Amino acid sequence: STMPRAKRKTAKATAEEAGSKAKDKKVRPVVVNRKGSTTSKFSSKKCKAWFESYSDPDSSHIEPEGTIRLCEDIEVLPEDVVMLILAYHMKCEKMGTITWPEWERCMTELQCDNTAKLALKAPRLRTQLDDPQTLRSVYRYAFTFSLSAEDPGRKTLDKNTVKMMLTVVLDGKWAALNDFCKFLDSATVRGINRDQWDNILEFSRSVHADLSNYDENSAWPVLMDEFVAWFRENKGKQAMEA
């Protein structure tokens, strides 16, 4: 009889596994790979060698394990918004994989050919989301990027992925973020589609923290109507208990 074929792991599962493996390892002093000058002129050759120091020799791409090493070297967590902004500039098509053309596109634009230069740029990359147009673009990309880790043909993101991605992009930028994540836990909705995802951002930009200016007659999706009803009911309960 033929052996059953092993189910292929999704990129997300591989990334999560690599993350937990990194956590499980005995704690050792991290030697930060800050190799290279921050003032030298950009070199495509150095940039390629730098890419190859992280890439998998079998696939010639940077796989989740390589991405985790890169995060350690530039001293950011894999879930830091800096990594999403980098993926956005690279125009990464698949979560957990970085190809050489994607890397080259981004690093040439940033003029980075070593770890030291990228580590220096990280704080500035984070502030790019202070620009409303860039925030909107990165936010929209986050949906496509997250969907790339799912089965082909999927049109919705599961609630856990939505909560994780919303926290990555909107933490500190939306006062009702924690409330919305709690609402998602209790909501009957199983997944979030592109239209709902885009509307969450518009809602976070235009509706006050206490939702006092929410207009039920506007063309918000049912999801947002349900959130407002949940929010008001819960805040009412809290006020009565206080």
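1. **Cysteines.** C181 is tucked away in this predicted model: its relative accessible area is 11%, so it counts as buried. C112 is buried as well, with 0% relative accessibility. If you were hoping for a crosslink, the count is 0 disulfides. Remember that a disulfide is a covalent bond between the sulfur atoms of two cysteines. For C112 the closest cysteine sulfur belongs to C106, and at 7.7 Å that is too far for a bond; the cut-off is 2.5 Å.

2. **How far to trust the coordinates.** The protein chain has an average pLDDT of 86, and 83% of the residues score at least 70. Confidence in the protein chain is highest in helix α5 (residues 100–110), at a mean of 97, and lowest in helix α1 (residues 11–24), where the mean is 50. Over residues 21–33 the pLDDT stays under 50, and the model gives that stretch 8 contacts beyond four places in sequence. Where pLDDT is low, the predicted coordinates should not be read in detail. I'd keep that in mind for residues 21–33, where pLDDT stays under 50.

3. **Helix α7, geometry and burial.** Does α7 have the length you'd expect, or what does it span? Its 16 residues should span 22 Å at 1.5 Å a residue, and the end C-alpha atoms sit 23 Å apart, which agrees. The list of buried residues in α7 runs T134, L135, V138, Y139, Y141, A142, F143, F145, S146 and L147. What packs over these buried residues? The cover includes α4, α8 (159–170) and α10, along with the strands β1 (156–158) and β2 (191–193).

4. **D198 against α7.** D198 belongs to helix α10 and is buried, at 16% relative accessible area. Leaving out residues up to four places away in sequence, D198 touches Y139 and R140. With R140 there is also a side chain to side chain polar contact, at 2.3 Å. Keep that 2.3 Å value in view if you set up this pair for a calculation.

5. **Aromatic pairs.** The structure holds 21 aromatic pairs. One of them is Y88 with Y141, an edge-to-face arrangement with 5.8 Å from centre to centre and 65° between the planes. This pair links distant parts of the chain, with Y88 in helix α4 and Y141 in helix α7 (residues 132–147), 53 residues apart. The two tyrosines fall in separate accessibility classes: Y88 is partly exposed at 24%, while Y141 is buried at 12%. Then there is F183 with F227, a tilted pair at 5.5 Å centre to centre and 55° between the planes. F183 is in helix α9 (residues 177–186) and F227 in helix α11, so the pair ties together parts 44 residues apart in sequence. F183 is buried at 3% relative accessibility, and F227 is buried at 0%.

6. **The aromatic cluster.** Which residues join F183 and F227 in one aromatic cluster? The other members are W174, F180, F203, Y214, W220, W230 and F231. Within this cluster, F183 and F227 form the tilted pair of the previous point.

7. **Positive phi.** Most residues other than glycine have a negative phi, and most peptide bonds are trans. E75 and L211 are worth a look here. E75 has a positive phi, near 60°, and is placed in the loop between α3 (64–74) and α4 (81–90). L211 likewise has a phi near 60°, and is found in the loop between α10 (194–206) and α11 (222–241). Are these two residues buried or exposed? E75 is exposed, with a relative accessible area of 53%, whereas L211 is buried, at 0%.

8. **K48 and N114.** K48 lies in helix α2 (residues 44–52). K48 is partly exposed, with 31% relative accessibility. How many residues separate K48 from N114 in sequence? The separation is 66 residues, yet their C-alpha atoms are 9.7 Å apart in space.

Terms used:
Residues numbered from 1 in each chain as written. Predicted model: local features only at pLDDT ≥ 70, side-chain atom pairs only at ≥ 80, totals over all residues. Heavy atoms only, no water. Buried < 20%, exposed > 50% of the residue type's maximum accessible area, 1.4 Å probe, protein only. Helix = DSSP H or I, 4+ residues; strand = E, 2+ residues; numbered from the N terminus. Phe/Tyr/Trp six-rings, centres within 6.5 Å; stacked < 30°, edge-to-face > 60°. Expected span 1.5 Å × (residues − 1). Contact = heavy atoms within 4.5 Å. Polar contact = N/O pair within 3.5 Å; in protein donor to acceptor, adjacent residues only side chain to side chain. pLDDT = per-residue confidence, 0-100.
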